[in-house]
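Work through the exercises below with the sequence and the model side by side. Each task is followed by a solution in steps.

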Amino acid sequence: MRLVYLDEMGGMAVSIPKIFTMFSILSMASLALPGMSGFVAELIVFFGIITSQKYFLMPKILITFVMAIGMILTPIYSLSMSRQMFYGYKLFNAPSSYFFDSGPRELFVSISIFLPVIGIGIYPDFVLSLSGEKVETIL
């Protein structure tokens, strides 16, 4: 059985708690919470635009405004999707036996993705030092 529509996926947090936990953590990383890699990336882009001598003031204000709209719309979309998928009401009554929580293989892959997200968020200099010389060459 495949569920493709968000309305069909309500209330899945109880039946698949491991997937729910990893999905929640990684979606918070995409929201650019401090301590996660998305925060470092958005901060670097934001400071790069603000401190750049290449752009005049009006393009900087316009780019910053567009970034702010994205920073506002991303949590709205992501959190409402998570709420509907994991806590919402089911419009389609599927037996919970159709849903399988992640096994050891899926958990290993999820943790393998999660650790660099936290690692880059806590100590971004490790990755930035690898790319610093190449970026300077390009610039």
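**Exercise 1. Classify Phe46 and Phe47 by accessibility, then describe how their rings are arranged.**

Step 1. Phe46 has a relative accessible area of 29%, so Phe46 is partly exposed; buried means under 20%, exposed over 50%, and partly exposed in between, with a 1.4 Å probe and protein chains only. Accessible areas come from the Shrake-Rupley method with that 1.4 Å probe, and for residues only the protein chains shown count as cover.

Step 2. Phe47, at 46%, is partly exposed.

Step 3. The ring centres of Phe46 and Phe47 are 6.1 Å apart and the planes meet at 50 degrees, so the pair is tilted. Rings of Phe, Tyr and Trp (its six-membered ring) pair if their centres lie within 6.5 Å; planes under 30 degrees apart count as stacked, over 60 as edge-to-face and the rest as tilted.

A note on the basis of these values: this is a predicted model, in which local features need pLDDT of at least 70 and side-chain atom pairs count only at pLDDT 80 or more, while totals for chains, interfaces and linings use all residues. Residues are numbered from 1 along each chain as its sequence is written, and side-chain values use heavy atoms, with hydrogens and water left out.

**Exercise 2. State how many helices and strands the protein chain has, and how much of the chain is buried.**

Step 1. The protein chain has 5 helices and 0 strands. Helices (H or I, at least four residues) and strands (E, at least two) are DSSP runs, numbered from the N terminus.

Step 2. Read from the N terminus, the order of elements is α-α-α-α-α.

Step 3. The chain has 139 residues, and 23% of them count as buried. The exposed area of the chain is about 10,200 Å², of which carbon and sulfur atoms supply 73%.

Step 4. Take the contacts (heavy atoms within 4.5 Å) between residues at least 6 apart in sequence: 80% of these join residues at least 24 apart.

**Exercise 3. Find how many aromatic pairs the structure holds, and work out which parts the pair of Phe20 and Tyr87 ties together.**

Step 1. There are 4 aromatic pairs in the structure.

Step 2. One of them joins Phe20 and Tyr87 edge-to-face, at 5.6 Å centre to centre and 80 degrees between the planes.

Step 3. Phe20 belongs to helix H1 (residues 17–30) and Tyr87 to helix H3, so this pair ties together parts 67 residues apart in sequence.

Step 4. Phe20 counts as buried at 19% relative accessibility, whereas Tyr87 is exposed at 58%.

Step 5. Phe20, Phe23, Phe86 and Tyr87 form one aromatic cluster.

**Exercise 4. Place Ser78, Gln84 and Ile72 in the chain and list what each one touches or faces in space.**

Step 1. Ser78 is in helix H3 and is buried, with a relative accessible area of 7%. Apart from neighbours within four places in sequence, Ser78 contacts Ser27 and Leu31.

Step 2. Gln84 is also part of helix H3, and its 22% makes it partly exposed. Not counting residues up to four places away, Gln84 touches Leu6, Asp7, Met9, Gly10, Gly11 and Tyr89. The C-alpha atoms of Gln84 and Asp7 are 7.2 Å apart, with their positions 77 residues apart along the chain.

Step 3. Ile72 lies in helix H3 and is exposed at 53%. From C-alpha to C-alpha, Ile72 and Leu31 are 9.5 Å apart in space and 41 residues apart in sequence.

**Exercise 5. Identify the residues of the nonpolar surface patch, and locate Val66.**

Step 1. Leu62, Phe65, Val66, Ile69, Ile72, Leu73 and Ile76 make a patch of about 700 Å². Patches are made of residues with over 30% relative accessible area and no salt bridge; like charges are joined within 9 Å, and nonpolar side chains (Val, Leu, Ile, Met, Phe, Trp, Tyr) within 5 Å. A salt bridge is a side-chain nitrogen of Lys or Arg within 4 Å of a carboxyl oxygen of Asp or Glu.

Step 2. Val66 sits in helix H3 (residues 57–87) and is exposed at 51%.
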